[in-house]
Amino acid sequence: MRFPKIIGLLTFILLGVIMNGCQSVDHENDIPGTTIAQINTDELASIMQGTNDNTIFIDVREPYEFEEGHINDMINMPLSSLEDNYEELPLDSEIVIICRSGNRSMKAANMLKKYGYTKLINVQGGISNWNGKLVK
């Protein structure tokens, strides 16, 4: 009568495999055709030199960080208050986002993506990797 025990064990294993493959996946922020592009600071410098009026550059660091040194033409929109004023950003603009290291800017990009923004660029490494001049 070992056969029922083997069937029970195989059923248990199969059930575990099935349950593992059915883990919840959060697709709430998935918008078809929307990706968050990643660039480095050298690419940012190139983009800033050849931009059009439809590109907006935002720095999501806190005001005191921004005042310590920021890239010219960046608009300070702290992540801590972005949810309250993201509507100031036109939906059809390309939005380039920077912070100190790239973490907060990615959070900001994901938040904007959730609100329907589709042309998002995150600057990896953030201002910590910027080799250009800073405005103080």
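Is glutamate 65 buried or exposed, and what is its relative accessibility? I started my notebook with this question, and in this model, which is predicted, glutamate 65 has a relative accessibility of 11%, so I entered it as buried, since the limit for that word is under 20% relative accessible area.

**Entry on the salt bridges**

I next looked up the partner of glutamate 65, and found that it forms a salt bridge with arginine 104, with 2.9 Å between the closest N and O atoms. Glutamate 65 belongs to helix 3 (residues 63-68) and arginine 104 to helix 5 (residues 103-114), so the pair ties together parts that lie 39 residues apart in sequence. Arginine 104 has a relative accessible area of 22%, so I wrote it down as partly exposed.

How many salt bridges are there by this rule? The count comes to two, and the other pair I noted is arginine 61 with aspartate 59, whose closest N and O atoms are 2.8 Å apart. Both arginine 61 and aspartate 59 are buried.

**Entry on strand 2**

Aspartate 59 led me to strand 2, which covers residues 55-59 and is mostly covered, with five of its five residues buried. I followed the side chains along the strand and saw that Thr55, Phe57 and Asp59 point one way, while Ile56 and Ile58 point the other way.

Which strands pair with strand 2? Strand 4 (residues 94-98) runs parallel to strand 2 and is joined to it by five bridges; here I found threonine 55 opposite glutamate 94, and phenylalanine 57 opposite valine 96. Strand 3 (residues 75-76) also pairs with strand 2 in the parallel sense, over two bridges, and aspartate 59 stands opposite asparagine 76 of strand 3.

**Entry on the whole sheet**

I then stepped back to the sheet, which is open, has five strands in the order 1-5-4-2-3, and shows parallel pairing. Strand 1 (35-39) and strand 3 are at the edges and have a single partner strand each, so one side of each is left without a neighbour in the sheet. Helix 2 (residues 41-49) packs on this sheet, where it touches strand 1, strand 2, strand 4 and strand 5 (119-123), and the direction of helix 2 makes about 100° with that of strand 1.

**Entry on the nonpolar cores**

Which residues touch the most other members of the largest nonpolar core? This core has 18 residues, and those I was looking for are Ile58, Leu82, Leu89, Ile95, Ile97 and Leu112. Strand 2, helix 4 (79-85), strand 4 and helix 5 are the elements that give two or more residues to the core, and helix 5 gives the most, with four residues.

I took isoleucine 58 for a closer look and, leaving aside its neighbours within four places in sequence, found it in contact with Met74, Ile75, Met77, Leu89, Ile95, Val96, Ile97 and Ile98. I also recorded a second, separate core of 13 residues, which includes Phe66, Ile71, Val96 and Trp130. As background for this entry, I noted that nonpolar side chains tend to be buried together in soluble globular proteins.

**Entry on an unusual backbone angle**

Last, I looked at aspartate 73, which has a positive phi of about 75° although it is not a glycine. I copied beside it the general point that most residues other than glycine have a negative phi. Aspartate 73 is placed in the loop between helix 3 and strand 3, and its relative accessibility is 59%, so it counts as exposed.

Definitions and conventions: Residues are numbered from 1 along each chain as its sequence is written. This is a predicted model: local features need pLDDT of at least 70, side-chain atom pairs count only at pLDDT 80 or more; totals for chains, interfaces and linings use all residues. Side-chain values use heavy atoms; hydrogens and water are left out. Buried means under 20% relative accessible area, exposed over 50%, partly exposed in between (1.4 Å probe, protein chains only). Two strands pair if DSSP finds at least two bridges between them. A salt bridge is a side-chain nitrogen of Lys or Arg within 4 Å of a carboxyl oxygen of Asp or Glu. A nonpolar core is a set of buried Ala, Val, Leu, Ile, Met, Phe, Trp, Tyr and Cys residues joined through side-chain atoms within 4.5 Å. Contact means heavy atoms within 4.5 Å. Axes are lines fitted to C-alpha atoms, for helices over the stretch in contact, and angles run from 0 to 180 degrees between N-to-C directions.
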